[in-house]
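Visitor: I'd like to go through a structure with you. Can we start with the cysteines and then move to the core?
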Amino acid sequence: WIEAGVGEMRRFLCDYHLFSGCSSEAATYQLCVLAYALLVQVALGSRGDWGLVEDPIVKKSFAFLAAIQTPIDPRCGFRMLPTIGHVTAYSWSQSLQAYFAWVARLTAESDPDFSARMMAAWKRGGSFVFSLHDFSQDLIWSQPLCLLDGELPAEEESRFLESRVHEGLGVVLRTKHDDASEGYLLFKMGESTGHYDNDEGSLIWYAFGQPLLTDFGCQYNPNFHAHPWLHNRISMDHAADGPPRGGGLVSRHFAEGLDFACGEVRISRLYSETEWPVRERDFDFRQVMGEVREVEEQVWRRHVIYVHAMETVILLDQIDGDLPTDWNLQVLADSVRTTEGCALFKGQFGVDLQMTMLQPVEPKLEVAAFSHQGFDEPRLPMHWWRGAAWTAPPGIELGPMGERALTLRAHAGPGESYMAVLTAFRAGEEEPQVVQRGDWAVEIRSHRGRVVAGTDPPFGRWDLEVEGKGMKSGHCVDLPVD
């Protein structure tokens, strides 16, 4: 029966994961599944080595999770699992990074290099010993102490900082600045859709090491399952995407000084949803989903250009459809000043953001705000976390980790595309200069460098030129039109 059970778990792990190590579900659920495999490995240790932890897919999955960690977040003091999908910003999900140390201990003898990589990921992720997700409310505290060894060697993180495609998730684009601060841009575009919101095509951005664009990390509390306008993405007809969901990468180009990625989402079903997430305690979104309506297929192709040294993101959102659209950003900012086609945000962490919309011409910009209280969110409060505060690793102060952001929205008619430039700069610095050089071309200048980017319908080619400290490079990026 042991052989049959282990065989079934192996089959499940293979079916559950893609070749990249990304699973069919968001990181919270992936780590819970992997923890079960590690517990089985330990439980069966007295009856021989069943080798679950040595399966290539287990190692790939942990390596994938380590590779998508954010820069050190000033709100918590450690590198987070990105809050794309149902991953909380607070330690309900983040403390699951304790499992990096579990797998490090179980592979320390058989694969010391991999073990050292996982120990580095554990230390980057806060060095949690207890997962509050699986060991909450004083249920079990002793078990995790037996499953890790905090003294194991850890690898340096030099191999960790590189831009990568992660099949199923999308891309994570990275850079490191002269002052050791980091840039990080996650672009969700892939077939992993289990326990995700309407967040396909959304972005998470840290500029100069500080969080700037957020994908709200509140899991179900309140629930964001059907509010695409509360993510950093397009919404069609101000409605939620109906299933099946998911998108796919069309093209990518990683080069010195900049990265390019393009993905496509096709939407043929929509349903109505409340403007803001419902916060009533007895509300069950599964029972009240609006009626799904079939629509002519709407094709949204998002082009993302990330200029490293300048911490600049150029977005082209190419729309082929007969419905009006919204273009949405969620910015961790205290205030915003809008003028015609431009918004200047005062960031919460010493990095400001300038948004310049080049297309459509003379867009109407709307500003709103949203916040959640993390552990203390009143719909499903988890007040017990205060009693678990003692589990915080040295140097880490456990808190509710709520989020407060300003929401920016623009609108376009059927078939109209968007082009926007997002430039980050440190508080007190001169604002970057953004000059439109044609309908679909732009030049951006700052004391950090210069970039010129241009394309034309049907947007099958980009001409890019970037200049920085002692560096100048030009790029032509071709991609499929159909």
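**Cysteines and cores**

Guide: The sulfur of Cys22 lies 15 Å from the closest cysteine sulfur, in Cys14, which is too far for a bond. Keep in mind that this is a predicted model.

Visitor: How many disulfides does the count come to?

Guide: The count comes to 0 disulfides. A disulfide needs two cysteine sulfur atoms within 2.5 Å, and for Cys22 the closest one is 15 Å away.

Visitor: And is Cys22 buried or exposed?

Guide: Cys22 is buried, at a relative accessible area of 1%.

Visitor: What about Cys218, which cysteine sulfur is nearest?

Guide: That of Cys76, 16 Å away, and Cys218 is in no disulfide. Cys218 also counts as buried, with 1% relative accessibility.

Visitor: New topic. In the largest nonpolar core, which residues touch the most other members?

Guide: Phe62, Leu65, Phe100, Met118 and Leu169 do, in a core of 67 residues. Elements that each supply at least two residues include helix H1 (2–16), helix H3 (56–67), helix H5 (99–106) and strand S3 (182–188).

Visitor: Which element gives the most?

Guide: H2 does, with 9 residues.

Visitor: Back to Met118. What does Met118 touch?

Guide: Leaving out residues up to four places away in sequence, Met118 touches Phe62, Ala63, Ala66, Phe100, Val103 and Ala104.

Visitor: What lies apart from that core?

Guide: Another core lies apart from it, made of 45 residues. Val295, Val313, Ile319 and Ala412 are among them.

Conventions. Residues numbered from 1 in each chain as written. Predicted model: local features only at pLDDT ≥ 70, side-chain atom pairs only at ≥ 80, totals over all residues. Heavy atoms only, no water. Core = buried A, V, L, I, M, F, W, Y, C linked by side-chain atoms within 4.5 Å. Buried < 20%, exposed > 50% of the residue type's maximum accessible area, 1.4 Å probe, protein only. Helix = DSSP H or I, 4+ residues; strand = E, 2+ residues; numbered from the N terminus. Contact = heavy atoms within 4.5 Å.
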